[in-house]
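Visitor: Could you take me on a close look at one part of this model? I'd like to start from a single buried side chain and work outwards through whatever packs around it.

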Amino acid sequence: MSSCSTGQTPARSFAAMSSPPPSSSLSLSTNMLDSAAEQMMVHRNFHAAFDTCQKGLESLASAEPEDYRCGELKAGFCILGIQALAEMNQWSGVLCWVLQQYEHQEEIPAKIMQMCILLYSKVGEPAVMHDAARIWLHSPLKSRVAGFRTVAELYLLHILVPLGHLEEAQEFIEGEVGDAAFQDQRQTALDIVHEKAQQNQEPSSNPNSESGNAAHPVSIQGGVIHKLASMVTFLYRKLLLSGSGSFSLRRFFLAAVLVYMLLVRMDPALPSSFMWISKLLQLLKQMWRAMFAPYYQALN
């Protein structure tokens, strides 16, 4: 009982978006909205929450709309329904389900349109909302609706720019919708579009240059690693067989290897350099032990 009583607090706060209506039909819808919120937030029962939203929307559809509170309840059921579908990994059907609740796309509330844009952008499918958001933004009198500017910004940043529709984005900013949505932020919006266009042109101007420059040294260094390793090993063995009087030769050989690395300028950050550097380190350790191990043994 204590867990149920504490869990009802966040559910009731969700229904606070609309004051309790006097009629029995809206009072029943408000209770259903509270129940759906409790199933969603407290019990994490997304199927039950979505079913409750469906029943609430059906009850609102059968009842005649009395005032603005009926529209707010409908928006509340849709918001919870969208969240439930997303939690059940059924996000692909969110837009169709929302369009079933509203006869015309222009009637969708701004906050629901914002949720849909963000949802499909997050799952990597912004193209799904392209037509719906465009129709909604270009519908008459929408510029006076609260949340219109937010929908326009999301449409630009999460749909047009990611899809690469830069010409359409520029026309959108400079058109009537852009005048109403961006106003003093129009230049900032244009800068975002121009920056995206420059980013697209840089790799496309010479597409093979970066990949060719990256693959060429990797292939060259990868091909000579084994040859260099075998050559270094061969020379090192020859130096070991030359006896104790070849200490100067060993130092000369070590200096030659270091000079080679400086001249070639092998980048240690390249993955192809890892094998060569590790082999060189092993050889240097072997040379160090061969040259100085007798001294350490004599001291011990």
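Guide: Start with Trp136, which is buried, with a relative accessible area of 0%. Keep in mind as we go that this is a predicted model. Trp136 sits in helix α7, residues 130-137. Setting aside neighbours within four places in sequence, the residues in contact with Trp136 are Gln105, Glu106, Ile108, Pro109, Ala110, Met113, Lys142, Phe148 and Val151. Take Ala110 from that list: its C-alpha is 9.0 Å from that of Trp136, and the two are 26 residues apart along the chain.

Now step back one residue, to Ile135, also in helix α7. Buried or exposed, or something in between, for Ile135? Ile135 has a relative accessible area of 32%, so partly exposed is the label. Not counting residues up to four places away in sequence, Ile135 touches Gln105 and Glu106, and both of those residues are also in contact with Trp136. C-alpha to C-alpha, Ile135 and Gln105 are 7.3 Å apart, with their positions 30 residues apart in sequence.

Two of the contacts of Trp136, Ala110 and Met113, lead us into helix α6, which covers residues 110-122. Let's see what packs against α6, beginning with helix α8, residues 148-163. The axes of α6 and α8 are 10 Å apart, at an angle of about 15°. Angles under 35 degrees count as roughly parallel, and α6 and α8 are therefore roughly parallel to each other. Their crossing is left-handed. On the α6 side the contact is made by Ala110, Met113, Gln114, Ile117, Leu118 and Ser121, and on the α8 side by Thr150, Val151, Leu154, Tyr155, His158 and Ile159. Sort the residues of that contact by type and you get eight nonpolar, four polar and no charged.

You'll recognise some names there: Ala110, Met113 and Val151 belong to the contact of α6 with α8, and Trp136 touches each of these three. One of the polar names on the α6 side deserves a stop. Gln114 lies in helix α6, and at 17% relative accessibility it counts as buried, the cut-off being under 20%. Away from its sequence neighbours within four places, Gln114 is in contact with Gly147, Thr150, Val151 and Leu154. Among these, Thr150, Val151 and Leu154 are on the α8 side of the helix contact.

Next, the other partner of α6. Helix α5, residues 94-101, packs with α6 at an angle of about 165°, and here the axes are 11 Å apart. An angle over 145 degrees counts as roughly antiparallel, and α5 and α6 are therefore roughly antiparallel to each other. This crossing is left-handed too. Val94, Leu95 and Val98 supply the α5 side of the contact, with Ile112, Cys116, Leu119 and Tyr120 on the α6 side. By type, the residues of this contact come out as seven nonpolar, no polar and no charged.

What about burial along α5? Its buried residues are Val94, Leu95, Trp97, Val98 and Gln101. They cover an arc of only 160° around the axis, which puts them on the same side of α5. As a reminder, an α-helix has 3.6 residues a turn, so residues three or four places apart point the same way. Val94, Leu95 and Val98 are among these buried residues, and they are also the α5 residues that touch α6.

To place all this in the wider chain: there are 14 helices and zero strands. Buried residues make up 34% of the 300 residues. Of the contacts with a separation of 6 or more, 63% are between residues 24 or more positions apart. The pair Trp136 and Ala110, at 26 residues apart, has its C-alpha atoms 9.0 Å from each other. Another long-range pair is found elsewhere: Cys70 and Leu26 are 44 residues apart along the chain, and their C-alpha atoms are separated by 7.1 Å. Cys70 lies in helix α4, residues 68-87, and is buried, with a relative accessible area of 10%.

Methods: Residues are numbered from 1 along each chain as its sequence is written. This is a predicted model: local features need pLDDT of at least 70, side-chain atom pairs count only at pLDDT 80 or more; totals for chains, interfaces and linings use all residues. Side-chain values use heavy atoms; hydrogens and water are left out. Axes are lines fitted to C-alpha atoms, for helices over the stretch in contact, and angles run from 0 to 180 degrees between N-to-C directions. Helices (H or I, at least four residues) and strands (E, at least two) are DSSP runs, numbered from the N terminus. Angles under 35 degrees count as roughly parallel, over 145 as roughly antiparallel, 65 to 115 as roughly perpendicular and the rest as oblique. A crossing is left-handed if the near helix is turned anticlockwise from the far one by less than a right angle, and right-handed if clockwise. Contact means heavy atoms within 4.5 Å. Ala, Val, Leu, Ile, Met, Phe, Trp, Tyr, Cys and Pro count as nonpolar, Asp, Glu, Lys and Arg as charged, and the others, Gly among them, as polar. Buried means under 20% relative accessible area, exposed over 50%, partly exposed in between (1.4 Å probe, protein chains only). The arc is that of the directions from the helix axis to the C-beta atoms.
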